[in-house]
Amino acid sequence: MSTPLQSLVASGTKLWLDSIDPDLVTQNLAWGASGATSNPIIIADLIETGRFDDEMTNLLRKGLDDETLAWTMTDQLVRKAQASFLPSWEASHGDNGYVSFELDALIEDPERNLPIEKRTQLYIELGKKWSAGHRNRMIKIPNTPGGLGALEELTAAGLTLNVTLTFSPKQYIAAWDAVWRGAQRRSTLSHFKSVYSIFVSRVDVYTEKHIPQLSPKAQGLVGIVNAKRIWKMNQDFWADKKLPLKQEIIFASTGVKKPTDPAWKYVEAFAGSDIETNPPATNEAVQASGRTITRQIDQLPTKEVLAEIDKLVNLDHMEETLMAEGIKKFADPQKALLKMIKQKRSSLQKVPAG
């Protein structure tokens with residue numbers, strides 16, 4: 001008899017972990033996970049545990065400054081996760097087994113207010129730097145004007161991209177258009193792989209706050225409907241391209257925000273295709289539920305619910321609001337990581353900055 005997460009994978013979903021904690025990676029590998037993602041919050045939380053103080057001390061003795069130390073630790077921790085998922089990458093010939101690496105979120109810091117062209121330039125430079133020499137590392141690029149400007153060039157250069165911070169169909173279309181232009185500039189498409197992270201639960205937080213007039217039948221379903229529609233668009237766009245590797249949607253932000261919602265709400269809703277990147281606590285709750293998960297990705301609510309959502313939800317306003325919030329949530333954790341590094345420096349053998 002299969003476990004709940006095994007049934008999720010059996011339905012056709014690739015299970016990825018929203019963490020690179022080595023212990024959680026080991027646990028989730030046993031549950032069927034075949035990939036992972038990282039961000040500054042995850043890195044800061046790992047450093048704060050003290051489990052990597054020896055590595056930190058060795059780097060401090062080399063005289064690294066705080067920023068260099070933060071990126072060196074990030075690179076090392078992501079490398080460890082990549083090693084764990086490399087067998088999945090090899091077995092799938094590059095279609096699975098990736099670990100996503102987030103570039104410098106301060107590129108989008110509203111306080112810095114860099115010109116869009118400068119942001120694009122930095123994404124291109126850093127993307128090439130942090131992808132060099134890696135087989136199963138995905139580079140995260142946010143779906144911002146600066147990020148979009150970098151997608152074609154990075155794809156043409158052979159990088160495997162995870163286009164993140166995506167909320168609306170319009171954003172998704174702009175992303176695949178740029179990625180596909182870049183792909184067609186490659187000499188071969190044999191290793192071309194791209195994914196598009198669609199954030200889900202944040203949409204339902206938005207509708208509760210901004211569209212309280214949604215009926216009880218529709219409230220809490222907008223994130224699912226929105227993501228499933230984008231998934232269908234993705235299926236249709238790539239169907240005739242005859243590519244050896246899948247170009248997939250990542251269903252992200254799959255942890256429930258309302259305590260009254262079951263932990264498996266979003267996990268079950270997207271079962272059957274593409275990729276789910278689930279928080280560790282969500283995977284633990286699903287695994288403990290005893291449920292058998294079957295394909296639901298192509299199931300939508302009733303026509304009445306869909307009509308109500310289409311009438312009341314302004315996608316442009318939703319995108320604008322959630323992007324503004326997302327950019328702040330994007331930059332603040334990087335600042336917190338640098339603060340954590342500074343605190344660690346003062347506590348670990350009083351090693352001076354380089």
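Here, Ala, Val, Leu, Ile, Met, Phe, Trp, Tyr, Cys and Pro count as nonpolar, Asp, Glu, Lys and Arg as charged, and the others, Gly among them, as polar. By these classes, the lining of the largest pocket holds 13 nonpolar, 13 polar and 9 charged residues. The model is predicted.

The largest pocket encloses about 760 Å³ of space. A total of 35 residues line this pocket, and D18, N39, I41, I42 and R202 are the closest to its centre. Both helices and strands contribute. The elements that give two or more residues to the lining are α3, β3, β5 (161-166), β6 (194-199), β7 (248-252) and α14. Helix α3 gives the most, with 5 residues.

The structure also holds 1 cavity of 30 Å³ or more. About 60 Å³ of space lies in the largest cavity. Its lining consists of S38, N39, P40, I43, W71, T74, F101, E102, Q334 and L337. Two or more of these lining residues come from each of α3 (40-48), α5 (66-91), β3 (99-102) and α14 (315-347). By class, the cavity lining divides into 5 nonpolar, 4 polar and 1 charged. Residue N39 lines the cavity, and N39 is also listed among the residues closest to the centre of the largest pocket. Elements α3, β3 and α14 each give two or more residues to the cavity lining, and these elements do so for the pocket lining as well.

Helices α5 and α14 pack against each other. Their axes come within 9 Å and cross at roughly 105°. Angles of 65 to 115 degrees count as roughly perpendicular, and α5 and α14 are therefore roughly perpendicular to each other. On the α5 side, the contact is made by D66, E67, L69, A70, W71 and T74. On the α14 side, Q334, L337, L338, I341, K342 and R345 take part. This contact has 6 nonpolar, 2 polar and 4 charged residues. Several contact residues recur at the cavity. W71 and T74 of α5 meet α14 residues that include Q334 and L337, and W71, T74, Q334 and L337 are among the residues that line the largest cavity.

Helix α10 takes part in two packing contacts described here. The first partner is helix α8. Helix α8 (residues 169-183) and helix α10 (residues 222-238) pack at an angle of about 25°, with their axes 10 Å apart. Angles under 35 degrees count as roughly parallel, and α8 and α10 are therefore roughly parallel to each other. Their crossing is right-handed. From α8, the contact draws on P169, Y172, I173, W176 and W180. From α10, N226, I230, M233, N234, F237 and W238 meet them. The contact of α8 with α10 comprises 9 nonpolar, 2 polar and no charged residues.

The other partner is helix α13 (residues 303-312). The axes of α10 and α13 come within 11 Å and cross at roughly 90°. That angle makes α10 roughly perpendicular to α13. Helix α10 contributes V222, V225 and R229 to the contact, and helix α13 contributes L306, I309 and D310. By class, the contact of α10 with α13 has 4 nonpolar, no polar and 2 charged residues. Charged residues are thus present where α10 meets α13, whereas the contact of α8 with α10 has none.

How values were computed:
Residues numbered from 1 in each chain as written. Predicted model: local features only at pLDDT ≥ 70, side-chain atom pairs only at ≥ 80, totals over all residues. Heavy atoms only, no water. 1 Å grid on protein atoms, 1.4 Å probe; cavity = no way out; pocket = protein on both sides within 12 Å on 5 of 7 lines; lining within 4 Å. Points joined across faces, edges and corners; volume = space filled by probe spheres on them. Helix = DSSP H or I, 4+ residues; strand = E, 2+ residues; numbered from the N terminus. Axes fitted to C-alpha atoms, helices over the stretch in contact; angles between N-to-C directions. Parallel < 35°, antiparallel > 145°, perpendicular 65-115°, else oblique. Left-handed = near helix turned anticlockwise from the far one by under 90°. Contact = heavy atoms within 4.5 Å.
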